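User: Could you take a close look at one part of this model for me, the packing in its interior, and then work outwards from there? I'd like the cut-offs spelled out as you go.

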Amino acid sequence: MKKYITDYSKLDRECYYGRDDLGVTVDGEITRFKVWAPFCSCVYLNLYTGGEGDNKIQTLVMRSIENGVWYVELMHTCYGQYYTYTFEFAQMKRIESIDIYAKACGVNGERGLVVDFDELNPPDWNDIPKPRCENPVDAVIYECHIRDFTIDPSCGIPDSEWQRRGRFSGFAAKGTRCGSVTTCLDHLKELGITHVQLMPVFDYATIDEKKPFAGKYNWGYDPKNYMCLEGYYCSDPEEGEVRIREFKEMVAALHRAGIGVIMDVVFNHTYYTEDSAFHKAVPYYYHRLTHQNRFSNGSGCGNETASEHFMFRKYMLDALTFWVKEYKIDGFRFDLMGLHDIDTINMLRREMDKLDTSILMYGEGWTGGEPAYPADKLCYKWNSYSFGRVGLFNDNIRDGIKGSTFELYGTGFVNGNDHARIAIKRGVTANTRYRRLQGVADDLCWAFTPAQAINYCEAHDNNTLWDKLAISAKNATEEERRRMDKLAAAIVILSQGVPFLHSGQDFLRSKPKVLPEGTPLTDFNRFDENSYNAPDYTNKIHWEDKEKNIDVFRWYRALIMLRKSSPLFRMRLPEELDRHLHFHDNNDIVAFELTGDEESYFVIFNNHRDDRHIDLPHGTFYERLGESCRPVYKAVQGSVCVPGISCVVYKKLT
Ligand code: CA
C-alpha cells in the first residue's frame, strides 16, 4: 500500500475502475453491491434493519473481481435495508464504514440504505419541466440556507405546522405571509429570481440529526456523505427515505414555480480525515499529501481532496450525474474550487453538457490554504481562461462596490470611495476584455465571457452588505446607507455577467452577533462575519424586515424586472460589449449607454452625496427606473439631475 502513497498515478494506471455501477444496483430481484478497495485483503458487506444500533441481519464475504473492486449479490431486493462495508487490511486490521457511494443513509449518515427512488417521487415528478436557462447571464441567483429561510415564526408557516419550519418542506411553502408581505416560495416568485442556490443539503457531519432543536446550527461545509441528503432538514432523519421524499417535493414545488435549484457542493475537503469513509476504504488515496506524506491542508479545514486522482475525479462526476438525474438539480456551486484541478472541472462541464447544457457551474476561484498541487493546474481565478465555461465569484466587483471584505473600515464605490470607480466600470463589463478600457486596470480583466463573472456584493461569508455599511459608513445617516445599499444592488444587477444575491439582502439582512451578557459593543463584535455555527438568532431570516424595508425589496425587484426585460443587460459575448456598451465621458460618476438595434438605455450610478447634473446622450429619453421603482413617461433631453447616492436608468424613446 505504501508504494501507492507516493505514486498514486501507478494505482490510477493499474487499478482505475471506470464503470458506473459502484454502490448498490437493484436489477429485477437481484441486489448487487460493488466497492473499490484495492488495498484490502478482504471486504465484507454488513446488512442491518436500522440506520444505527445493534440490529445486524447478516454479514457476507465479498469477492475480488477486477481492478480493486469487490462484489457481492443477493437474490432479492434489499429495499429498506441499511448497509456498511468492513474493510480488512494486512495484519487482520478491520474497519467498518459507510459506502462512499451510498445514495441514501440512516440517521447521521453512519450506514447506507437501499431505496427504490421511484417510489419516493412526487406524483407529477416526471411531468414537471425543468426551468430553462439558455445562457448563465439569464440567471439571477439567490443563495439560501434551508434552516435560516423558515426557522423564524415570521416566515408565516402556521404554528400548527411548526415541524415544517427550518426544513425542506417549509422552504417551498405556498401562500405564506408576514403581515402584508409574501414569504417563502411566494417571496422568491415575487422577487423574480430564476435560481435558488442552496447552501449544503448533502449529508454533513457536525449536527446531531436527532436533535434539530438542541440549539446547534451549521452552514454545512463539513461534508460527510456527498451523495446523501442531510437529515437535519427532514421531518424524520431516522427513516432514510423521508429526507429523499421531502427534498424531491421541495424541488418539485420550486420547479413548478419556474425556479431552478443549484446545489452547493463541497468536494474540496472531507470533514473527517483518517475517519472519513474515503480514507477508511482506500487509505491516503483520495486526499492530497505533502512531500512529507502528511495530509495537505489547502482547504483550511484539515485536508484537501485530490480531484486529479482518477477515482476521485470519477467520484465527483458520478455524484453530479446522480444529483442531476435523480433530483433534477439545475446547477452546482463549487466551494473552494481553486483546490480542484482544471482538467477535472472541464471534464465535469463537458459531461454536464451531455445531460443538459443549461446546468450552471461556477465556484470560488481561491483556496483556504496552500494546496499540494501546481498552481497553474488549479482552478484559481487567475487561470480563468483555461476553464472559460465555468463561472467564478467576482471578488473585484464585490470589493469595488463596498470595500474590502477583509478590512472592516474599507470602503468602496457606494460608501464614498471614488478610487473604486474603475473597479465598477470593469464590473459593468463583466471583467471581460472590453476594448475601450484596454490599458486601464487590466488586472481586473479576467473573464472569458460575461457568463464567467458571478457578480455579487453579499454572500453567506463575511458581513452582510447592510452590516458592512453600518460600520464602514457610520457617519452616513440611515437614509444614506439605504441608498448605498440600493446603489450596490443596481451595480450587481445591471452589470453584464451573472447577478448573485444573498437571501434577505433584498430587505437589509443583518447578522447581529450573540455576545455574553454585559459585553460592550464595538465595531468588531456587533456583527457576525463568519456565522457558520452561530445560533438561529444570528442567522435566521427575519421576515418582518421585509415589511419594514419594503422600499428596498421593491427596488431589487424592479432591477431584476428591468434586467430580464432586455437582452442588452445580458450580453453573451465580449464582442457584443464592444459594440453595444459605451461609457459616458463624465468621470465624476459611472454612466454608460447600452445601444441596441431596437432600444437604448442610459444607466447612471451616482455615488456622491449630492445631486449631479449629467448630460444624456443625443436623443429623447424617459426615466425607465428611478426612485419610484416605476417608469416615468415624460420626455427628457439634455441635462438631467441625478439624486445623490442613486442609480437612474433612462430609456430612449424611439
Ligand atoms: Ca448529517
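Analyst: Happy to help; here is a walk from the interior to the sheets and then to the metal site. This is a predicted model, where local features need pLDDT of at least 70 and side-chain atom pairs count only at pLDDT 80 or more, while totals for chains, interfaces and linings use all residues. Residues are numbered from 1 along each chain as its sequence is written, and side-chain values use heavy atoms, with hydrogens and water left out.

Let's start with the interior. The largest nonpolar core holds 174 residues. Such a core is a set of buried Ala, Val, Leu, Ile, Met, Phe, Trp, Tyr and Cys residues joined through side-chain atoms within 4.5 Å; buried means under 20% relative accessible area, exposed over 50%, and partly exposed in between, with a 1.4 Å probe and protein chains only. Phe33, Trp36, Phe247, Phe332, Phe334 and Phe605 have the most contacts inside this core. Helix H8 (residues 310-327) gives the most to it, with 11 residues. Helices (H or I, at least four residues) and strands (E, at least two) are DSSP runs, numbered from the N terminus. Because domain 1 (8-120) and domain 2 (579-652) both give residues to this core, it lies between them; these bounds come from an automatic or database domain assignment.

Phe332 shows the packing in detail. Leaving aside residues up to four places away in sequence, Phe332 touches, among others, Ile262, Val265, Leu320, Trp323, Met352 and Tyr362, where contact means heavy atoms within 4.5 Å. A second, separate core of 14 residues includes Ala139, Phe393, Ile454 and Phe500.

Now the barrel. Eight strands form a closed barrel, in the order S10-S13-S16-S17-S18-S19-S20-S21, with parallel pairing; two strands pair if DSSP finds at least two bridges between them. From one strand to the next, the twist averages 30°. Here axes are lines fitted to C-alpha atoms, for helices over the stretch in contact, and angles run from 0 to 180 degrees between N-to-C directions. H8 packs on the sheet by touching strand S16 (260-265) and strand S17 (331-334), and its direction makes about 140° with that of S17. Strand S20 (residues 453-455) and strand S21 (residues 498-502) run parallel and are joined by 2 bridges. Ile454 stands opposite Val498 in S21.

There is also an open sheet of 6 strands, ordered S22-S23-S24-S29-S26-S27 with antiparallel pairing. Strand S22 (581-583) and strand S27 (632-636) stand at its edges with a single partner strand each, so one side of each is left without a neighbour in the sheet. Within it, 6 bridges join strand S23 (residues 590-595) to strand S24 (residues 600-606), and Glu593 has Phe602 in S24 as its bridge partner. Helix H11 (residues 421-428) packs on this sheet, touching S22, S23 and S24, with its direction at about 15° to that of S23.

Finally, the calcium ion. Its protein donors are Asp203 (OD), Tyr204 (O), Glu209 (OE), Glu230 (OE) and Glu230 (OE), lying 2.2 to 3.0 Å from the ion. Donors are N, O and S atoms within 2.8 Å of the metal (3.2 Å for Na, K and Ca); water is not among the atoms, so sites may look incomplete. Tyr204 is buried at 1% relative accessible area, and Glu209 is buried at 2%. Asn108, in the loop between strand S8 (93-97) and strand S9 (112-113), touches residues including Asp203 and Glu209.
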